[in-house]
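This report describes the structure shown below for a reader who is new to protein models. It treats salt bridges, the overall fold, selected buried residues and a pocket in turn.

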Amino acid sequence: METVDRKNEKEILKQYLGRYYNSRRKKIQLEYRLQSILEEMNAPIRGTRYSPVNRRAGSERTGAASFVYRMDEIETRIGNQKKVIEKDLLKVMDIMDFLKEDSLERMILELRFIDCKTWKTIEKEMHLSRRACFNYQDKALEALLGFKKVRCVLEEYRK
């Protein structure tokens, strides 16, 4: 039976390996926001609603300027996120390099954490049951935790 510490180490390793996936998802979310702003800009002009209360703040951007400002901010975030994605991918691949290149364990981890495939897709591609996929993932995580360098990287990640 596994100790609680070992289970926690595996969970932290899975979180570490999932960094690339999370970074990619964040970039997609930013791109979606940018697309929404572009659609909003291209929408037909609506009538002006008048209010007896003046709500205009001095530094608040309104009209077309607010769209341009928001678009620029999101495009900057997307550019920064692309750099984060590249770094995260390299870090995940560095960890994967500790496993044998042609092993099933590595293939399962790559499909899950680099290719961002669902378990259903991995099952079909590998011609394995879900339980077998989990077993190979567990073996891979155990093997990775056997390396001192991996444990050091995880210790840094915890901080």
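In this predicted model, Glu-125 forms a salt bridge with Lys-117, and the closest N and O atoms of the two are 3.1 Å apart. Glu-125 counts as partly exposed, because its relative accessibility is 38%. Lys-117 is also partly exposed, at 27% relative accessibility.

**Salt bridges**

The count of salt bridges comes to 13. Another of these pairs is formed by the side chains of Glu-9 and Arg-6, with an N to O distance of 3.2 Å. Both residues lie in helix α1, which covers residues 4-17, and they are three residues apart, about one turn of the helix. In general, an α-helix has 3.6 residues a turn, so residues three or four places apart point the same way. Glu-9 is partly exposed at 21% relative accessibility, and Arg-6 is partly exposed with a relative accessible area of 23%.

A further salt bridge joins the side chains of Lys-10 and Asp-138, at 2.6 Å from N to O. This pair links distant parts of the chain, since Lys-10 belongs to helix α1 and Asp-138 to helix α6 (residues 130-145), 128 residues apart. How buried or exposed are the two partners, Lys-10 and Asp-138? Lys-10 has a relative accessible area of 5% and is therefore buried, whereas Asp-138 is partly exposed at 32%.

The three pairs are set out in the table.

| Pair | N to O distance |
|---|---|
| Glu-125 and Lys-117 | 3.1 Å |
| Glu-9 and Arg-6 | 3.2 Å |
| Lys-10 and Asp-138 | 2.6 Å |

Returning to Glu-125 and Lys-117, their closest N and O atoms are 3.1 Å apart. Elsewhere, salt bridges that share partners join Arg-6, Glu-9, Lys-10, Asp-138 and Glu-142 into one network.

**The overall fold**

Which kinds of secondary structure does the protein contain? There are seven helices and zero strands, and the order of elements from the N terminus is α-α-α-α-α-α-α. Of the 159 residues in the protein, 28% are buried. Among the contacts between residues at least 6 apart in sequence, 72% join residues at least 24 apart.

**Buried residues in three helices**

Ser-23 lies in helix α2. With a relative accessibility of 6%, Ser-23 counts as buried, because the cut-off for this class is under 20%. The side chain of Ser-23 makes a polar contact of 2.4 Å with the side chain of Asp-88. When residues up to four places away in sequence are not counted, Ser-23 touches Gln-81, Val-84, Ile-85 and Asp-88.

Met-126 is part of helix α5, which spans residues 119-126. Its relative accessibility is 13%, so Met-126 counts as buried. Which residues does Met-126 contact, leaving aside its neighbours within four places in sequence? They are Leu-104, Met-107, Ile-108 and Leu-111. The C-alpha atoms of Met-126 and Ile-108 are separated by 8.1 Å, and the two residues are 18 residues apart along the chain.

Ala-140 is found in helix α6. At 0% relative accessibility, Ala-140 counts as buried. Apart from neighbours within four places in sequence, Ala-140 is in contact with Leu-99, Glu-105 and Leu-109. Between Ala-140 and Leu-109, which are 31 residues apart along the chain, the C-alpha separation is 7.5 Å.

Leu-109 also appears among the buried residues of α4, which are Arg-106, Ile-108, Leu-109, Leu-111, Phe-113 and Ile-114. Two of the contacts of Met-126, namely Ile-108 and Leu-111, are on that list of buried α4 residues as well.

**The second largest pocket**

The second largest pocket has a volume of about 180 Å³. Its lining consists of Lys-14, Gly-18, Tyr-21, Asn-22, Arg-112, Phe-113, Cys-116, Lys-117, Thr-118, Trp-119 and Gln-137. The elements that give two or more residues to this lining are α2 (19-42) and α4 (104-114). By class, the lining residues divide into four nonpolar, four polar and three charged.

Several lining residues have further features. Lys-117 is the salt-bridge partner of Glu-125, and Phe-113 is one of the buried residues of α4. Cys-116, just after α4, takes a positive phi of about 60 degrees.

Notes
Residues numbered from 1 in each chain as written. Predicted model: local features only at pLDDT ≥ 70, side-chain atom pairs only at ≥ 80, totals over all residues. Heavy atoms only, no water. 1 Å grid on protein atoms, 1.4 Å probe; cavity = no way out; pocket = protein on both sides within 12 Å on 5 of 7 lines; lining within 4 Å. Points joined across faces, edges and corners; volume = space filled by probe spheres on them. Helix = DSSP H or I, 4+ residues; strand = E, 2+ residues; numbered from the N terminus. Nonpolar A, V, L, I, M, F, W, Y, C, P; charged D, E, K, R; others polar. Buried < 20%, exposed > 50% of the residue type's maximum accessible area, 1.4 Å probe, protein only. Salt bridge = Lys/Arg side-chain N within 4 Å of Asp/Glu carboxyl O. Polar contact = N/O pair within 3.5 Å; in protein donor to acceptor, adjacent residues only side chain to side chain. Contact = heavy atoms within 4.5 Å.
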